[in-house]
Amino acid sequence: MQAITENYMFISFVGSLTTLVVCMVAGYIGRKVGVLSDTINAGMSTLLVKITLPCMVFVSMMRPFSATLLLESLATLVISAIVYLSGYVFGLLLARLMGAAEDEKRVWQFALVFANVGYMGFPIIQAIYGAEGLIYTTMANVAFNMLAFSLGIYLFKRNASADIKTNLRTILLNPALVATYLGFIFFITGIRLPENVQDGVSLIGGMTVPLSMLLVGAILAKSKPADLVSDPRVLPVIFLRLLGIPLVTFFILRLFIPNPIMLEVIVILAAMPVAALTVIFAEQYKGNTAVASKLVALSSILCLLTIPIISLLLQN
């Protein structure tokens, strides 16, 4: 009976991932035929970050109050931050082992610290676990935002203390974090919006999944297949990002986390591809944008193979 249940969960996982891939392919084709452009992509990205994702985050917090769930949520924030920081250590070791140039090293470290929690993590967890998994994803995203605009800036710009101080306001007032603050208030107090209003917020949040995957597909369409395989030095980084870090995370955390959904969400988020923010920061701080683009594009394609592998491991 257990084997049947595990097989069903794996098939369900692959089915959900296939649904998301359909959206990604639509975005890829849309970009190739000119329906989607850089301007439209920028608008979709802003819409996601400032409107639909905060709505999804807020609705995910509309759960009956439970002291256990509250403690698990806070624990997820701390554990996720530790997982991200472990990527920094992996990046240091890999850069030293492979004799990376300074501009390569910064991109590699950023790529191993920050996975694509926003554009791919949320839709994948939503598709597989629904609202039950999103609350943990929300807390992982809080850790992501706090570290991305502090450690992330430092990685690209070593004298970035002034930038980090300036970005403190940006971190704290990030729309997704504001939605988290409000959601926690509603979660703890039991306050709820009028039913029709909450349904409207939920409907807007539901746009996050298809929009995210359309955007990922459109981003991938900008990379030429030949360019993605022209630099074999990115492969160890991608291997660590997609398999090394999540496997280490799983084998350590399974000893301490009794809640299977909490454990699985943390591990699957650790298996996400390189964050799209890698390219944005590389461009902003004059980093190696070519390496950053290859890491984001190639890891986003290969994760369609590696995430089911990680999922299969979680079911055993």
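User: Is Arg233 buried or exposed, or somewhere in between?

Analyst: The general idea is a cut-off on relative accessible area: buried means under 20%, exposed over 50%, and partly exposed in between, with a 1.4 Å probe and protein chains only. Arg233 has a relative accessible area of 27%, so Arg233 is partly exposed. This is a predicted model, in which local features need pLDDT of at least 70 and side-chain atom pairs count only at pLDDT 80 or more, while totals for chains, interfaces and linings use all residues. Residues are numbered from 1 along each chain as its sequence is written, and side-chain values use heavy atoms, with hydrogens and water left out.

User: Which side chain does Arg233 meet in a salt bridge?

Analyst: A salt bridge here is a side-chain nitrogen of Lys or Arg within 4 Å of a carboxyl oxygen of Asp or Glu. Arg233 meets Glu104, at 3.0 Å from N to O. This pair links distant parts of the chain, 129 residues apart: Arg233 is in the loop between helix 12 and helix 13 (234-253), and Glu104 is in helix 4. Helices are DSSP runs of H or I with at least four residues, numbered from the N terminus. Glu104 counts as buried because its relative accessibility is 12%.

User: How many salt bridges are found in the whole structure?

Analyst: The search returns 5. One of them joins Asp38 and Lys222 at 3.2 Å, N to O. Asp38 belongs to helix 2 (residues 38-60) and Lys222 to the loop between helix 11 (208-220) and helix 12 (225-228), so this contact ties together parts that are 184 residues apart in sequence. Asp38, with a relative accessible area of 43%, is partly exposed. Arg31, Asp38 and Lys222 are linked in a network of salt bridges.

User: Where do Glu102 and Arg106 lie, and how far apart are they in the helix?

Analyst: An α-helix has 3.6 residues a turn, so residues three or four places apart point the same way. Glu102 and Arg106 are both in helix 4 (residues 102-113), 4 residues apart, which is about one turn. Their side chains meet in a salt bridge of 3.1 Å, N to O. Glu102 is partly exposed at 38% relative accessibility, and Arg106 is partly exposed at 22%.

User: What do the end C-alpha atoms of helix 5 show?

Analyst: The general idea is to compare the end-to-end distance with an expected span, which is 1.5 Å times one less than the number of residues. Helix 5 (residues 117-129) has 13 residues, yet its end C-alpha atoms are only 15 Å apart, short of the 18 Å of a straight helix. Helix 5 is also mostly covered, with 10 of its 13 residues buried. Among them are Gly118, Phe122, Pro123 and Tyr129. Just after the helix, Gly130 has a positive phi of about 70°.

User: Which residues does Tyr84 touch?

Analyst: Contact means heavy atoms within 4.5 Å. Not counting residues up to four places away in sequence, Tyr84 touches Leu112, Val113, Val117, Ala140, Ala143, Phe144 and Leu147. Tyr84 is in helix 3 and counts as buried at 5% relative accessibility.

User: Is Lys294 buried or exposed?

Analyst: Lys294 counts as buried, because its relative accessibility is 18%. This lysine is in helix 16 (residues 289-314). Leaving aside neighbours within four places in sequence, its contacts are Asp227, Leu228, Ser230, Asp231 and Ser299.

User: Which residues make the nonpolar surface patch?

Analyst: Patches are made of residues with over 30% relative accessible area and no salt bridge; like charges are joined within 9 Å, and nonpolar side chains (Val, Leu, Ile, Met, Phe, Trp, Tyr) within 5 Å. Accessible areas come from the Shrake-Rupley method with a 1.4 Å probe, and for residues only the protein chains shown count as cover. Val25, Tyr28, Ile29, Val33 and Val35 make a patch of about 440 Å². Tyr28 lies in helix 1 (residues 2-32) and is partly exposed at 32% relative accessibility.

User: Why is the sulfur of Cys23 in no bond with the closest cysteine sulfur?

Analyst: A disulfide is a pair of cysteine sulfur atoms within 2.5 Å. The closest cysteine sulfur to that of Cys23 is in Cys303, 14 Å away, which is too far for a bond. The search of the whole structure finds 0 disulfides. Cys303 is buried, with a relative accessible area of 0%.

Notes
Helix = DSSP H or I, 4+ residues; strand = E, 2+ residues; numbered from the N terminus.
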